[in-house]
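The exercises below are meant to be worked with the sequence and the coordinates side by side. Try each task before reading its solution.

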Amino acid sequence: MPVLGPRVGAEAKRTARVLAAVPTHAGPVERTLALRQAATVAGELAAALSDLAPALVGEELPAESTSQSFFRVRERELSDQQAALHGVLVIHRGLEDLCDAPLSGSDMALEMTGMRQSVLDLTGAAPGADHDSVPPVAVPEAGAGSSSESVWSARWLIGHQVHVLFNVCAAVAVADAARSLRLGDDEAALLRLADATVYVRGFPAAMAHASTIPADYYMAAIRHTMAPPSVEIPLSGRQHRGYKLFRAAMKDLLAVVPDSYERLAARAPELAEARGALLEADIVDGERHVTLAYSMVHLRRSIAQKPEGPDNAVAELRLMRHRRAAQYASLIRFGDHYIADAVAGLRHS
């Protein structure tokens with residue numbers, strides 16, 4: 001558990017309270033004011049962390065993949081303070097962008113909850129009570145507006161960076177849960193499974209945030225920059241190491257608790273429900289990826305698909321969803337057994 005001092009702890013609790021209080025379904029004026037307040041408070045948390053040690057200059061670190069270079073993401077071992085600082089900086093940028101992003105209230109609620117959980121996990125702060133009051137914050141006036149095109153290009157990166165943060169935090173939470181289960185500490189495992197579920201529910205919300213740009217602009221100005229000759233190899237979600245870590249952690253978790261939903265519920269009903277909530281969120285993430293891709297590229301092929309492949313981007317993502325649903329069918333209460341039977345039939349044909 002990170003121990004970063006009383007000032008950071010106080011600022012982290014305040015940030016968590018402000019994030020929890022954002023009226024995600026309010027009118028645009030009220031919602032934007034609350035988001036500016038949240039961005040201001042997150043900036044003050046970042047300042048408190050920066051006073052302990054300045055942030056690393058990410059651009060000076062070598063990129064390990066084309067994807068890292070494009071999305072301006074880097075990886076290296078960090079101290080608790082540096083991990084907290086860089087995570088909070090991602091949240092701060094995300095909040096500043098959300099002040100103007102036309103994200104739905106339901107997705108914003110999921111992204112706010114993921115950001116709040118990140119603040120708590122990265123700083124080691126204890127969550128405050130729901131009734132804790134949020135003190136007024138002096139919010140600076142909005143700065144001069146940038147061009148819509150520059151905002152949209154930045155948003156594509158910012159939303160993906162929030163997604164990466166949620167991936168890494170989810171991977172850690174799932175790994176913690178698996179470790180606790182191996183040690184026989186079901187209570188600790190339940191807490192971390194709940195945390196992981198918050199992050200996984202935030203995955204599609206962060207992607208929706210990144211996608212709150214016109215599809216025409218994406219097709220004309222962004223999509224071609226993620227494929228040769230702009231980059232050496234086409235960008236693909238498979239290149240995101242944070243997501244690979246999450247998938248590996250999920251595989252390990254299911255190795256620890258491989259029981260069907262019925263068997264697990266018979267001996268540990270709370271664990272069955274907690275595991276089921278996480279797996280359901282993982283399926284929904286796959287389903288949302290299908291619809292988000294359709295909204296951006298319609299029936300076009302993925303930039304990462306081989307020319308001889310038979311499917312388009314949406315069909316490939318739908319297959320990924322079906323494989324995941326088939327894998328989880330017996331592990332959740334309302335499993336997609338039609339798909340599981342179909343996939344099993346294909347394997348034996």
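**Exercise 1: a bridge between two helices**

In this predicted model, Asp252 forms a salt bridge with Arg182, and their closest N and O atoms are 2.7 Å apart. Determine which helices hold Asp252 and Arg182, and state whether Asp252 is buried, partly exposed or exposed.

Solution. Begin with the location: Asp252 belongs to helix H9 (residues 241–256) and Arg182 to helix H6, so that the pair links distant parts of the chain, 70 residues apart. Next, take the accessibility of each partner in turn. Asp252 has a relative accessible area of 30%, and because buried means under 20% and exposed over 50%, Asp252 is partly exposed. Arg182, at 52% relative accessibility, counts as exposed.

**Exercise 2: a pair within one helix**

Find how many residues separate Asp176 and Arg179 in helix H6 (residues 148–182), and give the distance between their closest N and O atoms.

Solution. The two side chains form a salt bridge in which the closest N and O atoms of Asp176 and Arg179 are 2.8 Å apart. Asp176 and Arg179 are 3 residues apart in H6, which means that about one helical turn separates them. As for solvent, Arg179 counts as partly exposed, because its relative accessibility is 46%.

**Exercise 3: a bridge and a network**

Decide whether Asp282 and Arg324 are buried or exposed, and say which parts of the chain they tie together.

Solution. Asp282 forms a salt bridge with Arg324, with 3.3 Å between the closest N and O atoms. Since Asp282 lies in helix H11 (residues 269–297) and Arg324 in helix H12 (residues 313–328), the pair ties together parts that are 42 residues apart in sequence. Both Asp282 and Arg324 are buried. Elsewhere, salt bridges that share partners join Asp121, Asp176, Arg179, Arg192 and Asp195 into one network, and the structure holds 15 salt bridges.

**Exercise 4: how two helices cross**

Classify the arrangement of H5 and H7 from their crossing angle, and describe the make-up of their contact.

Solution. The axes of helix H5 (residues 105–123) and helix H7 (residues 186–210) come within 8 Å and cross at roughly 130°. This angle falls neither in the range from 65 to 115 degrees nor over 145, and the two helices are therefore oblique to each other. The crossing in which H5 passes H7 is left-handed. Residues of the contact include Asp107, Leu110 and Asp121 of H5, together with Arg192, Asp195 and Tyr199 of H7. By character, the residues of this contact between H5 and H7 divide into 6 nonpolar, 6 polar and 6 charged.

Key. Residues numbered from 1 in each chain as written. Predicted model: local features only at pLDDT ≥ 70, side-chain atom pairs only at ≥ 80, totals over all residues. Heavy atoms only, no water. Axes fitted to C-alpha atoms, helices over the stretch in contact; angles between N-to-C directions. Helix = DSSP H or I, 4+ residues; strand = E, 2+ residues; numbered from the N terminus. Parallel < 35°, antiparallel > 145°, perpendicular 65-115°, else oblique. Left-handed = near helix turned anticlockwise from the far one by under 90°. Contact = heavy atoms within 4.5 Å. Nonpolar A, V, L, I, M, F, W, Y, C, P; charged D, E, K, R; others polar. Salt bridge = Lys/Arg side-chain N within 4 Å of Asp/Glu carboxyl O. Buried < 20%, exposed > 50% of the residue type's maximum accessible area, 1.4 Å probe, protein only.
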